[in-house]
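Notebook open, coffee poured. I want to work from the whole chain down to one piece of sheet.

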Amino acid sequence: MKILNITMAVAIATLVGATHPSIASAGTTIVKMVTDEASGDLIFEPAKINIQPGDTVVWVQADADNEHNVAAYSDKIPEGTSPFVSPMMGKAGDSWVMTFDAEGSYFYHCHPHEAAGMKGLIVVGRTSLPEEFRKPQDGDMSHAQHGDMEPMEMDKHQGDGKSMKMKMENDHGHQNN
Ligand SMILES: [Cu+2]
(Lines give C-alpha, C1' and ligand atoms only; values in the text may rest on other atoms or scores of the structure.)
Protein backbone atom coordinates (compact mmCIF):
# COMPACT_ATOMS: atom_id res chain seq x y z
CA MET A 1 0.00 0.00 0.00
CA LYS A 2 2.75 2.38 0.96
CA ILE A 3 4.84 1.52 -2.06
CA LEU A 4 1.84 2.02 -4.32
CA ASN A 5 1.20 5.47 -2.86
CA ILE A 6 4.78 6.60 -3.23
CA THR A 7 4.88 5.36 -6.79
CA MET A 8 1.68 7.21 -7.49
CA ALA A 9 3.01 10.38 -5.88
CA VAL A 10 6.18 10.27 -7.93
CA ALA A 11 4.25 9.59 -11.11
CA ILE A 12 1.87 12.47 -10.46
CA ALA A 13 4.61 14.83 -9.33
CA THR A 14 6.50 14.03 -12.52
CA LEU A 15 3.40 14.65 -14.57
CA VAL A 16 2.69 17.95 -12.85
CA GLY A 17 6.31 18.99 -13.10
CA ALA A 18 6.37 18.21 -16.80
CA THR A 19 3.38 20.38 -17.60
CA HIS A 20 4.24 23.13 -15.12
CA PRO A 21 8.01 23.33 -14.81
CA SER A 22 7.79 26.32 -12.49
CA ILE A 23 6.21 24.28 -9.70
CA ALA A 24 8.39 21.24 -10.11
CA SER A 25 10.20 22.11 -6.90
CA ALA A 26 7.02 22.70 -4.92
CA GLY A 27 5.63 20.05 -2.63
CA THR A 28 2.94 17.54 -3.44
CA THR A 29 0.66 16.11 -0.78
CA ILE A 30 -1.65 13.18 -1.31
CA VAL A 31 -5.05 13.04 0.37
CA LYS A 32 -6.79 9.71 0.06
CA MET A 33 -10.54 9.23 -0.04
CA VAL A 34 -11.17 6.06 1.86
CA THR A 35 -13.41 4.12 4.19
CA ASP A 36 -11.80 4.08 7.61
CA GLU A 37 -11.24 0.43 8.39
CA ALA A 38 -11.76 0.78 12.12
CA SER A 39 -14.85 2.97 12.25
CA GLY A 40 -16.35 2.42 8.81
CA ASP A 41 -16.51 6.19 8.35
CA LEU A 42 -15.89 7.76 4.96
CA ILE A 43 -12.94 10.08 5.35
CA PHE A 44 -10.30 12.22 3.71
CA GLU A 45 -6.97 10.95 4.93
CA PRO A 46 -5.37 13.01 6.26
CA ALA A 47 -8.39 15.22 6.92
CA LYS A 48 -6.20 18.23 7.67
CA ILE A 49 -3.00 19.10 5.90
CA ASN A 50 -0.57 22.00 6.12
CA ILE A 51 1.14 23.02 2.90
CA GLN A 52 3.01 26.03 1.51
CA PRO A 53 1.92 28.45 -1.22
CA GLY A 54 2.61 26.87 -4.59
CA ASP A 55 2.19 23.34 -3.29
CA THR A 56 -0.08 20.84 -4.96
CA VAL A 57 -2.64 18.52 -3.44
CA VAL A 58 -3.56 15.29 -5.16
CA TRP A 59 -6.78 13.67 -4.03
CA VAL A 60 -6.72 9.96 -4.74
CA GLN A 61 -9.87 7.91 -4.77
CA ALA A 62 -8.90 4.77 -2.85
CA ASP A 63 -12.38 3.48 -2.08
CA ALA A 64 -13.82 0.86 -4.38
CA ASP A 65 -17.27 1.01 -2.82
CA ASN A 66 -18.21 4.70 -2.97
CA GLU A 67 -18.09 7.74 -5.21
CA HIS A 68 -16.39 10.80 -3.80
CA ASN A 69 -15.62 14.35 -4.83
CA VAL A 70 -13.90 17.43 -3.46
CA ALA A 71 -16.04 20.54 -3.01
CA ALA A 72 -14.95 23.78 -1.36
CA TYR A 73 -17.23 25.66 1.01
CA SER A 74 -17.53 28.92 -0.92
CA ASP A 75 -17.52 31.01 2.27
CA LYS A 76 -14.77 29.06 4.01
CA ILE A 77 -11.93 29.70 1.60
CA PRO A 78 -9.67 32.76 1.54
CA GLU A 79 -11.05 36.04 0.21
CA GLY A 80 -9.92 36.48 -3.39
CA THR A 81 -9.92 32.80 -4.24
CA SER A 82 -12.55 30.90 -6.21
CA PRO A 83 -14.67 28.00 -4.96
CA PHE A 84 -13.53 24.73 -6.44
CA VAL A 85 -15.26 21.44 -7.04
CA SER A 86 -13.88 18.30 -8.57
CA PRO A 87 -15.71 15.90 -10.84
CA MET A 88 -17.18 12.87 -9.13
CA MET A 89 -14.50 10.21 -8.74
CA GLY A 90 -16.29 6.94 -9.19
CA LYS A 91 -13.58 4.35 -9.08
CA ALA A 92 -10.45 3.56 -7.13
CA GLY A 93 -7.43 5.15 -8.75
CA ASP A 94 -9.24 8.25 -9.97
CA SER A 95 -7.54 11.41 -8.84
CA TRP A 96 -7.87 15.17 -8.92
CA VAL A 97 -5.09 17.72 -8.62
CA MET A 98 -5.12 21.32 -7.45
CA THR A 99 -2.33 23.77 -6.73
CA PHE A 100 -2.80 26.34 -3.96
CA ASP A 101 -1.12 29.72 -4.27
CA ALA A 102 -2.97 31.97 -1.80
CA GLU A 103 -2.32 31.64 1.92
CA GLY A 104 -5.11 30.73 4.26
CA SER A 105 -7.59 28.04 5.25
CA TYR A 106 -9.59 26.08 2.70
CA PHE A 107 -12.46 24.03 4.11
CA TYR A 108 -14.02 21.45 1.83
CA HIS A 109 -16.20 18.37 1.85
CA CYS A 110 -17.24 15.41 -0.24
CA HIS A 111 -20.66 16.30 -1.53
CA PRO A 112 -22.31 12.85 -1.34
CA HIS A 113 -20.95 12.25 2.14
CA GLU A 114 -21.02 15.66 3.75
CA ALA A 115 -23.79 14.55 6.11
CA ALA A 116 -21.65 11.57 7.04
CA GLY A 117 -18.91 13.98 8.10
CA MET A 118 -16.57 13.57 5.15
CA LYS A 119 -14.80 16.91 5.38
CA GLY A 120 -11.30 18.23 5.02
CA LEU A 121 -9.14 21.27 5.60
CA ILE A 122 -6.10 22.58 3.81
CA VAL A 123 -4.03 25.26 5.49
CA VAL A 124 -1.76 27.03 3.04
CA GLY A 125 1.01 28.81 4.92
CA ARG A 126 -1.15 30.00 7.79
CA THR A 127 -4.66 29.76 9.18
CA SER A 128 -7.20 32.35 8.01
CA LEU A 129 -8.66 34.81 10.49
CA PRO A 130 -12.50 34.79 10.57
CA GLU A 131 -12.73 38.05 8.59
CA GLU A 132 -10.40 36.76 5.90
CA PHE A 133 -12.86 34.29 4.42
CA ARG A 134 -14.54 34.81 1.07
CA LYS A 135 -17.98 36.42 1.07
CA PRO A 136 -20.71 34.58 -0.86
CA GLN A 137 -21.34 36.11 -4.28
CA ASP A 138 -24.02 36.09 -6.95
CA GLY A 139 -23.20 33.39 -9.43
CA ASP A 140 -21.68 31.03 -6.90
CA MET A 141 -22.49 27.47 -7.65
CA SER A 142 -25.28 26.42 -5.37
CA HIS A 143 -24.46 23.79 -2.83
CA ALA A 144 -26.89 21.36 -4.45
CA GLN A 145 -24.90 21.43 -7.68
CA HIS A 146 -21.76 20.05 -6.13
CA GLY A 147 -22.88 16.52 -6.73
CA ASP A 148 -23.76 17.01 -10.37
CA MET A 149 -20.50 18.13 -11.85
CA GLU A 150 -19.44 16.36 -15.00
CA PRO A 151 -15.76 16.32 -15.94
CA MET A 152 -16.61 18.29 -19.08
CA GLU A 153 -18.04 21.12 -17.05
CA MET A 154 -14.90 21.39 -15.01
CA ASP A 155 -12.87 22.24 -18.08
CA LYS A 156 -14.90 25.34 -18.69
CA HIS A 157 -14.66 28.28 -16.34
CA GLN A 158 -17.89 27.56 -14.57
CA GLY A 159 -17.91 30.93 -12.86
CA ASP A 160 -18.31 32.95 -16.03
CA GLY A 161 -21.20 31.09 -17.59
CA LYS A 162 -22.93 30.71 -14.28
CA SER A 163 -22.81 34.35 -13.30
CA MET A 164 -24.03 35.38 -16.73
CA LYS A 165 -26.99 33.05 -16.41
CA MET A 166 -27.77 34.36 -12.96
CA LYS A 167 -27.64 37.92 -14.20
CA MET A 168 -30.06 37.22 -17.02
CA GLU A 169 -32.47 35.51 -14.67
CA ASN A 170 -32.30 38.40 -12.28
CA ASP A 171 -33.28 40.90 -14.96
CA HIS A 172 -36.98 41.55 -14.79
CA GLY A 173 -38.64 39.39 -17.41
CA HIS A 174 -37.54 39.30 -21.00
CA GLN A 175 -35.85 42.21 -22.56
CA ASN A 176 -37.34 42.70 -25.98
CA ASN A 177 -34.98 43.89 -28.63
CU1 LIG B 1 -17.38 10.83 -0.21
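How many helices and strands are there in the chain? I counted three helices and eight strands, bearing in mind that this is a predicted model. Reading from the N terminus, I got the order α-β-β-β-β-β-β-β-β-α-α.

Next I looked at burial and contacts. Of the 177 residues, 22% count as buried. I then took the contacts between residues at least 6 apart in sequence, and 70% of them join residues at least 24 apart.

On to the sheet. I found an open sheet of four strands in the order 3-8-7-5, with mixed pairing. Strand 3 and strand 5 (71–72) are at the edges; each has a single partner strand, so one side of each has no neighbour in the sheet.

Then I went through the partners of strand 8, residues 119–124. With strand 3 (residues 48–51) the pairing is parallel, over four bridges. I checked two of the residue pairs: Lys 48 bridges to Leu 121, and Ile 51 bridges to Val 124. With strand 7 (residues 104–109) the sense is antiparallel, and I noted six bridges. Here I looked up Ser 105, whose bridge partner in strand 8 is Val 123.

Last entry: which residues of strand 8 are on its covered face, and which on its uncovered one? Gly 120, Ile 122 and Val 124 make up the covered face. Lys 119, Leu 121 and Val 123 are on the uncovered face. Of the bridge partners I had noted, Val 124, the partner of Ile 51, belongs to the covered face, while Leu 121, the partner of Lys 48, belongs to the uncovered one.

Conventions
Residues are numbered from 1 along each chain as its sequence is written. This is a predicted model: local features need pLDDT of at least 70, side-chain atom pairs count only at pLDDT 80 or more; totals for chains, interfaces and linings use all residues. A residue is buried if 20 or more other C-beta atoms lie within 10 Å of its own, exposed if 12 or fewer, and partly exposed in between; C-beta atoms are placed from the backbone. Two residues are in contact if their C-beta atoms, placed from the backbone, lie within 7 Å. Two strands pair if DSSP finds at least two bridges between them.
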